[in-house]
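Thanks for coming. I'll walk through one structure this morning, and I'll start with a sheet.

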Amino acid sequence: MAEVRLLSTTAILGYGFPAESLTRGMARRPDLIGADAGSVDPGPYYLGSGKGFTSPRAVKRDLQLMLRAASDHGVPVVISTAGGAGGQPHLEATAAIAREIAAEDKLGFKMALIGSEQDQELLATRAEAGQTKPLAGLPPLTRETIEASTRIVGLMGPEPYRAALDAGAQVIIAGRSTDPAPWAAAVLRGGLGHAEAWYAGKMLECGAEPALPKKEDCLFVTVGDGYVECEPTNPIRRCTPLSVANFALHENSSPIRHIEPGGILDTSDCRFDAVSDRAVRISGMRWEPAERLTIKLEGVELAGFRSITICATRDPVLIANIEPYLAKVREVVADKSAAFGIAPEAYRLIIRSYGLNGVMGDLEPLANKPAHELCFVVEAVCETQEQAAAVIGMARLTMLHSDFAGRLCKEGNMAIPFSPSDIDVGPMYRFNVFHTVEAMSPTELFPITYETV
């Protein structure tokens, strides 16, 4: 193909987009429309719990508009990192929504589901063979770590998407992916180069984020030999050389060398040229193939159960003595919790002090200049929810009623915004797998199933 035309509807499926922007985009005859549906950014909970990051109602709204438009124009629809984390429960939940929409709107299509949840025995075997490597300072991957994991997903590249498109899939819902992968698949399938393919994917992965003013919206990208051209479909937004270049820097350890399955996208010599007051053409990207194919893994393990309480003060005497006060709270909670059978080593009590150092913790440079009011998010983590609830109840009571030097008010020290004051959050997960694994082929770890909807 001389060029490939791609339409991204939103940064994450369920974030929303103007229906009119989709209509304008479809009028430009895209070869594929799609949306990423997840990220590692929301943390480990969604992968561990199997729950979606955005509400099913919001996902259905966005997906319904996309499926209707795709049916009217005969264009494939691709959803990547289904459900926010891309595990098997997320894949199945998103597929169920697609089936529901098809039944309501009397649509028919061939649907491909691409799994990304990994077989633990296979991963353990490869770890023991030295075919895995740690990322982000983690220790080497072991069988024990893998078996302790609630769920592990692999980040697929473009090849599984390309295989599904080649098989005639009109709707593709996939598990965890590198964000640019589905878009790169469409460009590579059109016969264009890896550099343009991956750069186009980088632009499309977050909808209209490369445009100004920033808001959830649609982005249209045209890819040709040696260039990628970006333009928002909403006339109130525009891409500028600065906005596009700025977006290209995000979410990578290096702003100019982006590691992907199978190679590195080098953007160090890119040019950003305005082709109109709303569109930008990027050129000069390069692709460096890797010597060995590796797939990034993300896995989580259960770390306990969490309860929280939120409270706040604007008492200037208390604020002036807040650090010794919080130390006293910890001591009292330890004593009282031990009295009903929860030893200090059996729980973690975290107190985030917003207005003091709640965002940056020990790195806060202005911790000696607290605000006139402070908000405390108090968190207890224990082995069971019942234990966490007991500890947080004692922490809330202690925060509310403990004495301090110079205290004038003899009632409560804190304003509590919610009733119930103590909130059981449920299971807490932490990342324990952040590694790469060698793969025999780009599709080996990502099974595809097909169905007629």
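Three strands make up an open sheet here, in the order 10-11-14, with antiparallel pairing. Strand 10 and strand 14, residues 286–289, are the edge strands, and each pairs on one side only. On average, neighbouring strands of this sheet are turned by 20° against each other, ignoring direction. Keep in mind that this is a predicted model.

Now the two pairings. Strand 10 and strand 11 are antiparallel and share four bridges. One bridge partnership puts arginine 257 opposite aspartate 266 in strand 11. These two strands form a hairpin with two residues between them, and glycine 262, in the turn, has a positive phi of about 95°. On the other side, strand 11 runs antiparallel to strand 14, and four bridges join them. There, glycine 263 has proline 289 of strand 14 as its bridge partner.

Which residues of strand 10 are on its covered face, and which on its uncovered one? His258 and Glu260 are on the covered face, while Arg257 and Ile259 are on the uncovered one. That fits the general pattern: in a regular strand, side chains alternate between the two faces of the sheet.

The charged residues of this region come next. Arg257, Asp266, Asp269, Arg286 and Glu288 are linked in a network of salt bridges. So that you can place them: strand 10 covers residues 257–260 and strand 11 covers 263–266.

Strand 10 also matters for the next topic, the largest pocket. That pocket holds about 1000 Å³ of space. It is lined by 35 residues, and Thr178, Asn252, Ile259, Glu260 and Lys296 lie nearest its centre. Which strand gives the largest share of the lining? Strand 10 does, with four residues. At least two lining residues each come from strand 5, strand 10, strand 11, strand 15 and strand 18. By type, the lining of this pocket divides into ten nonpolar, 13 polar and twelve charged residues.

Next, the enclosed space. The structure holds one cavity of 30 Å³ or more. The largest cavity has a volume of about 80 Å³. Its lining consists of Ser39, Val40, Pro42, Gly43, Tyr46, Leu47, Gly84, Ala85, Arg176, Glu298 and Phe431. Six of those lining residues are nonpolar, three are polar and two are charged.

Two names in that lining, Arg176 and Glu298, lead to the next pair. The side chains of glutamate 298 and arginine 176 meet in a salt bridge, with 2.9 Å from N to O. This pair links distant parts of the chain, 122 residues apart: glutamate 298 is in strand 15, residues 294–313, and arginine 176 is in the loop between strand 7 and helix 8. Are these two residues buried or exposed? Both glutamate 298 and arginine 176 are buried.

How many salt bridges are there in total? The count is 33. I'll show two others.

In one of them, the side chains of arginine 28 and glutamate 231 meet at 3.4 Å, N to O. Arginine 28 lies in the loop between helix 1 and strand 2, and glutamate 231 in strand 9, so the pair ties together parts that are 203 residues apart in sequence. Arginine 28 is partly exposed, with a relative accessible area of 32%.

In the other, arginine 352 bridges to glutamate 379, and the closest N and O atoms are 2.7 Å apart. Again the pair links distant parts of the chain: arginine 352 is in strand 16, residues 347–354, and glutamate 379 is in strand 17, residues 374–382, with their positions 27 residues apart in the numbering. Arginine 352 counts as partly exposed at 33% relative accessibility. Glutamate 379 has a relative accessibility of 6%, and buried means under 20%, so glutamate 379 counts as buried.

Last item, a helix. Helix 9 spans residues 194–204, and ten of its eleven residues are buried, so this helix is largely enclosed by the rest of the structure. The buried residues are Ala195, Glu196, Ala197, Trp198, Tyr199, Ala200, Gly201, Lys202, Met203 and Leu204. Glu196 and Lys202 are among them, if you want charged side chains to look at on the screen.

That's what I have; questions are welcome.

Technical notes:
Residues are numbered from 1 along each chain as its sequence is written. This is a predicted model: local features need pLDDT of at least 70, side-chain atom pairs count only at pLDDT 80 or more; totals for chains, interfaces and linings use all residues. Side-chain values use heavy atoms; hydrogens and water are left out. A salt bridge is a side-chain nitrogen of Lys or Arg within 4 Å of a carboxyl oxygen of Asp or Glu. Buried means under 20% relative accessible area, exposed over 50%, partly exposed in between (1.4 Å probe, protein chains only). On a 1 Å grid over the protein atoms alone, a cavity is a set of points where a 1.4 Å probe fits but cannot get out, and a pocket is an open set with protein on both sides within 12 Å along at least five of seven lines; lining residues have an atom within 4 Å of a point. Grid points are joined across faces, edges and corners, and a volume is the space filled by probe spheres set on the points. Ala, Val, Leu, Ile, Met, Phe, Trp, Tyr, Cys and Pro count as nonpolar, Asp, Glu, Lys and Arg as charged, and the others, Gly among them, as polar. Two strands pair if DSSP finds at least two bridges between them. Axes are lines fitted to C-alpha atoms, for helices over the stretch in contact, and angles run from 0 to 180 degrees between N-to-C directions.
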